[in-house]
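Please study the sequence and the three-dimensional structure shown below before attempting the exercises. Each exercise consists of a task and a worked solution.

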Amino acid sequence: MTTSINTTAAFDALDKFAGAMDGARVTLVKALGKAGITTLEEARPVAMQWVAARTKCPMVSGSGKGTGRMVLKRGHANYEKAKKSLQRVMEAFAPKAPKASKAKTGKLTANKADAVKDLVARYEALSRAEKARFLAEI
């Protein structure tokens with residue numbers, strides 16, 4: 001048995017959800033700004049304390065990369081839930097941008113040349129139809 005999906009209604013629902021999330025993000029950023037939190041570095045410890053209290057996952061002193069700061073306790077029954085909640089709060093505060101590829105050389109001009117060379121190579125690998133579509137877009 002197949003069901004017919006009303007994509008218009010689904011898109012309307014998703015648009016409302018996205019709009020609510022955008023509004024919630026703005027509200028969060030403004031409220032944290034009023035509390036004196038303006039950077040991710042300032043937001044993370046406070047968000048972690050809030051998540052730990054909400055999920056009842058304790059915070060412990062970190063080791064390894066986390067040495068010298070508090071982290072959520074791995075192995076706790078609520079660790080995954082707490083970790084996901086923290087990720088969501090931090091993502092709401094500052095959405096992640098796509099990661100740029102890192103060139104192996106430290107020189108700025110070499111990075112630019114590598115990026116151009118990479119783009120040219122990627123363009124050459126496109127089919128004729130893909131090249132035409134690409135050129136129409138730019």
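The exercises that follow proceed from the whole chain to its helices, single residues and largest pocket.

**Exercise 1. The chain as a whole**

Task: Establish which elements the protein chain contains and how confident the predictor is in them.

Solution. The model is a predicted one. Step one is to count the elements: the protein chain has five helices and two strands. Step two is to put them in order, which from the N terminus reads α-α-β-β-α-α-α. Step three concerns confidence. The mean pLDDT of the protein chain is 80, and 83% of its residues reach 70 or more. Among the elements, β1 has the highest mean pLDDT, 91, while helix α4 (residues 108-124) has the lowest, 73. Step four turns to burial and contacts: 14% of the 138 residues count as buried. Of the contacts with a separation of 6 or more, 42% are between residues 24 or more positions apart.

**Exercise 2. Helix α3**

Task: Check the length of helix α3 and determine where its buried residues lie.

Solution. Begin with the length. Helix α3 has 15 residues (79-93), and at 1.5 Å a residue these should span 21 Å; the end C-alpha atoms are 21 Å apart, so expectation and model agree. Next, list the buried residues of α3, which are Y79, A82, S85, L86, V89, M90 and F93. Seen down the axis, these buried residues fall within an arc of 130°, and therefore they line one face of α3. This can be set beside a general rule: an α-helix has 3.6 residues a turn, so residues three or four places apart point the same way. The face turned away from the buried side carries the exposed residues E80, K81 and R88. Finally, identify the packing partners: the buried residues of α3 pack against α1 (7-34), α2 (40-55) and β2 (70-72).

**Exercise 3. Helix α2**

Task: Repeat the analysis for α2.

Solution. The 16 residues of α2 should span 22 Å at 1.5 Å a residue, and the end C-alpha atoms are 21 Å apart, which agrees. The buried residues of α2 are A43, A47, M48, V51, A52 and T55. They cover an arc of only 160° around the axis, so they lie on the same side of α2. Their packing partners are β1 (59-61), β2 and α3. After α2 comes K56, whose phi is positive, near 60°.

**Exercise 4. Two residues of α3**

Task: Decide whether S85 and Y79 are buried or exposed, and name their contacts beyond four places in sequence.

Solution. Apply the cut-off first: a residue is buried when its relative accessible area is under 20%. S85 has a relative accessibility of 11%, so S85 counts as buried. The contacts of S85 are V51, R54 and T55. Y79 also has a relative accessible area of 11% and is therefore buried. The contacts of Y79 are C57, L72, K73 and R74. As a last step, compare sequence with space: Y79 and K56 are 23 residues apart in sequence, and their C-alpha atoms are 9.0 Å apart.

**Exercise 5. The largest pocket**

Task: Describe the largest pocket and state which elements supply its lining.

Solution. The volume of the largest pocket is about 770 Å³. Its lining consists of 24 residues, of which R44, M48, R69, V71 and L86 lie nearest the centre. Assign the lining to elements: α2, β1, β2 and α3 each supply at least two residues. The largest share, six residues, comes from α3.

Note on methods. Residues numbered from 1 in each chain as written. Predicted model: local features only at pLDDT ≥ 70, side-chain atom pairs only at ≥ 80, totals over all residues. Heavy atoms only, no water. Helix = DSSP H or I, 4+ residues; strand = E, 2+ residues; numbered from the N terminus. Expected span 1.5 Å × (residues − 1). Buried < 20%, exposed > 50% of the residue type's maximum accessible area, 1.4 Å probe, protein only. Arc of directions from axis to C-beta. Contact = heavy atoms within 4.5 Å. pLDDT = per-residue confidence, 0-100. 1 Å grid on protein atoms, 1.4 Å probe; cavity = no way out; pocket = protein on both sides within 12 Å on 5 of 7 lines; lining within 4 Å. Points joined across faces, edges and corners; volume = space filled by probe spheres on them.
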